[in-house]
Amino acid sequence: MDLGEPFQAALKTLRANKMRSALTALGIIIGVAAVIIVVSLVQGLERSVLKQIERAGSQTLFVRPIMPMDVPEEEYVKIRNRDLTLEDMRMLQRTVPMVRQVTPLFFMATELKANGRSTSVNLIMTNDTYVELNGLDLAAGRNFVASDLRLGSKVVIVGSKIAERLGLKGNLPGKIVQTPTMSLEIIGVLEEQGATMGHDPDINIYIPLSTGLPLLTDQQRRQLMFQARVDPKLNADDGADLVKDALRRIKGIKLKEREGFQVFSPKQITSIIGNITGVITAVAGGMVSIALLVGGIGIMNIMLVSVTERTREIGLRKAVGAKRRDVLTQFLIEAALLSVFGGFVGILLGYAIGAALSNALIGTMGSVPLWAVLCAFGIPAVIGVAFGLYPAWKASRLDPIESLRYE
């Protein structure tokens, strides 16, 4: 007997029990949808972060102090010079011609008030190079100028959502907003950038580092971060080594002594992000795969029930000439169809939910790679056959005489 007849018989049986078939496939649907959603979110997050790295350019390095989570605690307490000062980076730019630009960074959370309203914002202390270095555009107003940095002017550039949150109307440049420690004049408004999971750059505000330094403790002033742009003729990875060696000399770190800072090139950051998202995908995929296992057990259970219900039918088929392999094939096809149906519906459901969550949480649609789609089809089919094998084998082993007597 060819596969056409058992395939049609399997379809007929599944159509005759639509509700039971749908409920049986539900475990597979949930498992596959969960896998697609997780992959979509992780891919969207990776794409969003990489997009921000691309904005800064391939020649931009990121320099930051060693953090406690970077090394074991006993090693962290031994590291000296765990600081990066403004003077360190100025010296770097003066002594290393291949370093074309240095942008200081200090991040802190604060409250911003105006018009009788307040909102939580991310305050970034930096200089006039930040906007250009990170590929940002001004929707209104201007960037910092030399006099703002030299005099520590109380001016601020705000993200695109600040006006809405504070209920500010009309042109924002010239309006006054307050933090808990100072009043600031808005001089510029950035174009919308879009939110990333856990971070919304459109609620950032930016002030000159010289304005913010008096607000910082001595310890905070020695924990600045920096972006450094190297000459385009220099490979970014080579640039990272050059900057690290130069900073070691500037800070007087001995040959075998570990430095208290890290320098990352865009390639290194991309690799780190890829490793992190890979681990997230593997762990989350393993967790949601439990739903696929539960779905497979559900298929085995319902197929065993089906064998019991159709004992007389199986006996009759074998009595008129059906062979064991014919009965085995039909039941395996039924199990596989349930799983593949669940996989197909799960892909559609997961893609729709994943797209909605990606746009809501990350601000960009995460692509679903081909391997995820193929796995979503292939794994349920394997699960269906694997978990349907025992019920199918049991059905094929039924004695036709005893089966005809079954009530």
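Is lysine 244 buried, partly exposed or exposed, and what relative accessibility does lysine 244 have? Select lysine 244 in this predicted model and colour the surface by accessibility: at 27% relative accessibility, lysine 244 counts as partly exposed, because the buried class ends at 20% and the exposed class begins over 50%.

**The whole chain**

Before going further, zoom out to the complete protein, which has 15 helices and 10 strands. Buried residues make up 46% of the 407 residues, and among the contacts with a separation of 6 or more, 79% are between residues that lie 24 or more positions apart.

**Glutamate 259 and its partners**

Return to lysine 244 and add glutamate 259 to the selection, since the two form a salt bridge in which the closest N and O atoms are 3.8 Å apart. Glutamate 259 sits in the loop between H10 and strand E10 (261-264), while lysine 244 belongs to helix H10, so the salt bridge ties together parts that are 15 residues apart in sequence. In contrast to its partner, glutamate 259 counts as buried, with a relative accessibility of 13%.

Now select arginine 248, whose side chain meets that of glutamate 259 in a salt bridge with an N to O distance of 2.4 Å. This pair again joins the loop between H10 and E10 to helix H10, here across 11 residues. Arginine 248 counts as buried, at 13% relative accessibility.

By the criterion applied here, the count for the structure comes to 8 salt bridges. Some of them share partners, and in this way Asp83, Asp88 and Lys251 are joined into one network, which is worth displaying as sticks before the next stop.

**Helix H4 against helix H10**

Show helix H4 (residues 86-95) together with helix H10 (residues 236-251), which pack at an angle of about 120° with their axes 10 Å apart. The crossing of H4 and H10 is right-handed. To see the contact itself, select Asp88, Met89, Met91, Leu92 and Thr95 on H4, and Val243, Ala246, Leu247, Ile250 and Lys251 on H10. If these residues are coloured by class, the contact of H4 with H10 divides into 7 nonpolar, 1 polar and 2 charged residues. Asp88 and Lys251, already met in the salt-bridge network, appear here as part of the contact.

**Arginine 100 and aspartate 231**

Which residue forms a salt bridge with arginine 100? Selecting aspartate 231 gives the answer, with the closest N and O atoms of the pair 2.1 Å apart. The two residues come from distant parts of the chain, 131 residues apart, with arginine 100 in strand E2 (residues 99-114) and aspartate 231 in the loop between strand E9 (225-230) and H10. Aspartate 231 is buried, its relative accessible area being 3%.

**The aromatic pair**

For the last stop, note that a search of the whole structure finds 1 aromatic pair. Select tyrosine 130 and tyrosine 206 and place a centroid in each ring: the centres are 5.4 Å apart and the planes stand at 40°, so the pair is tilted. Tyrosine 130 lies in helix H5 (residues 130-133) and tyrosine 206 in strand E8 (residues 204-208), so parts that are 76 residues apart in sequence are tied together by this pair. Tyrosine 130 is buried with a relative accessible area of 12%, and tyrosine 206 likewise counts as buried, at 3% relative accessibility.

Terms used
Residues are numbered from 1 along each chain as its sequence is written. This is a predicted model: local features need pLDDT of at least 70, side-chain atom pairs count only at pLDDT 80 or more; totals for chains, interfaces and linings use all residues. Side-chain values use heavy atoms; hydrogens and water are left out. Axes are lines fitted to C-alpha atoms, for helices over the stretch in contact, and angles run from 0 to 180 degrees between N-to-C directions. Helices (H or I, at least four residues) and strands (E, at least two) are DSSP runs, numbered from the N terminus. A crossing is left-handed if the near helix is turned anticlockwise from the far one by less than a right angle, and right-handed if clockwise. Contact means heavy atoms within 4.5 Å. Ala, Val, Leu, Ile, Met, Phe, Trp, Tyr, Cys and Pro count as nonpolar, Asp, Glu, Lys and Arg as charged, and the others, Gly among them, as polar. A salt bridge is a side-chain nitrogen of Lys or Arg within 4 Å of a carboxyl oxygen of Asp or Glu. Buried means under 20% relative accessible area, exposed over 50%, partly exposed in between (1.4 Å probe, protein chains only). Rings of Phe, Tyr and Trp (its six-membered ring) pair if their centres lie within 6.5 Å; planes under 30 degrees apart count as stacked, over 60 as edge-to-face and the rest as tilted.
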